[in-house]
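This report describes the fold of a single protein chain and the pocket found in it. The sequence and the model are shown first, and the description follows.

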Amino acid sequence: MYKGIAFDFDEVLVNSIEAIVSILNEDYNLHAKASDVNRWDFKDAYPTLTFEQINNVWNDKRLFQRLTFKPNTIETLEDLSKKYPLIIYSAGSSKNLQLKKDFIKNNILIKKINLNFIGVLEGIEDKSSLDLKDWVFIDDNQKNLYDSNASLKILFRNRENADWNNNWNGTEINNIKQIYNYV
């Protein structure tokens with residue numbers, strides 16, 4: 001039995017890449033698809049854009065207006081919250097973390113799902129700073145899982161050949177409902 005379950009936000013609970021691609025295509029009159037993104041910096045889909053042009057979208061309110069949930073997310077969180085403490089554990093800039101917190105408040109907590117949001121400021125700390133001993137941790141980034149002390153680390157595989165999850169040798173899922181196989 002685990003103490004609780006911690007979920008990453010982007011690309012585990014919500015479709016961030018689709019929303020970012022939509023904004024970049026609109027802003028720069030480009031035609032990439034979400035399936036073109038297999039690098040964390042999006043340079044495979046947008047080789048002509050600068051890091052700043054791409055990275056600024058993470059702090060754009062439009063991102064959070066366009067986010068959609070992965071299939072079965074709300075129902076699964078509702079069910080799991082009756083049995084376990086839940087945490088959404090995400091990294092970002094202070095503005096990005098505030099926008100995530102607002103999104104969670106307006107789209108998840110409104111459903112009376114009991115969970116906590118913990119944000120990690122990029123560049124100051126990383127996801128290994130939270131003690132997850134005896135917890136389940138689900139993330140799409142293998143580095144975060146390798147660095148964590150979680151008792152059960154589960155990769156949410158959202159891309160087959162993505163540079164952030166192509167070297168994982170542990171437990172993995174590709175649909176949030178598959179968590180029931182492990183808890």
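In this predicted model, helix α5 lies across strands β2 and β3 and runs at about 150° to β2. The two strands beneath this description are themselves paired: six bridges join β2 to β3, and the pairing is parallel. Between them the chain passes from β2 through α5 to β3, a β-α-β crossover that is right-handed.

Individual residues illustrate the pairing of β2 with β3. G92 stands opposite L121 of β3. N116 also belongs to strand β3. Its C-alpha atom is separated by 6.4 Å from that of L86, although N116 and L86 are 30 residues apart along the chain. When neighbours within four places in sequence are left aside, N116 is in contact with L86, I87 and I88.

**The sheet**

β2 and β3 are part of an open sheet of six strands, arranged in the order β3-β2-β1-β4-β5-β6 with parallel pairing. The edges are occupied by β3 (116-121) and β6 (171-173); each has a single partner strand, so one side of each is left without a neighbour in the sheet. On average, neighbouring strands of this sheet are turned by 25° against each other, direction ignored. Strands of a sheet pair through backbone hydrogen bonds, in either a parallel or an antiparallel manner.

Elsewhere in the sheet, β1 (residues 4-7) runs parallel to β4 (residues 135-139), and four bridges join the two. Within this pairing, I5 stands opposite V136 in β4.

The two strand pairs described here are listed below.

| Strand pair | Bridges | Direction | Residues standing opposite |
|---|---|---|---|
| β2 and β3 | six | parallel | G92 and L121 |
| β1 and β4 | four | parallel | I5 and V136 |

**The largest pocket**

The largest pocket holds about 900 Å³ of space. Its lining consists of 32 residues, of which W40, W58, A91, E122 and N141 lie nearest the centre of the pocket. By residue class, the lining divides into eight nonpolar, 11 polar and 13 charged residues.

Which elements each supply at least two residues of this lining? They are the helices α1 (16-28), α2 (51-55), α5 (94-107) and α6 (142-147), together with the strand β2 (86-92). Strand β2 and helix α5 thus appear in both parts of this account: each supplies at least two residues of the pocket lining, and α5 lies across β2.

Note on methods
Residues are numbered from 1 along each chain as its sequence is written. This is a predicted model: local features need pLDDT of at least 70, side-chain atom pairs count only at pLDDT 80 or more; totals for chains, interfaces and linings use all residues. Side-chain values use heavy atoms; hydrogens and water are left out. On a 1 Å grid over the protein atoms alone, a cavity is a set of points where a 1.4 Å probe fits but cannot get out, and a pocket is an open set with protein on both sides within 12 Å along at least five of seven lines; lining residues have an atom within 4 Å of a point. Grid points are joined across faces, edges and corners, and a volume is the space filled by probe spheres set on the points. Ala, Val, Leu, Ile, Met, Phe, Trp, Tyr, Cys and Pro count as nonpolar, Asp, Glu, Lys and Arg as charged, and the others, Gly among them, as polar. Two strands pair if DSSP finds at least two bridges between them. Axes are lines fitted to C-alpha atoms, for helices over the stretch in contact, and angles run from 0 to 180 degrees between N-to-C directions. Contact means heavy atoms within 4.5 Å. A crossover is right-handed if, with the strands pointing away from the viewer, the path from the first strand over the helix to the second runs clockwise.
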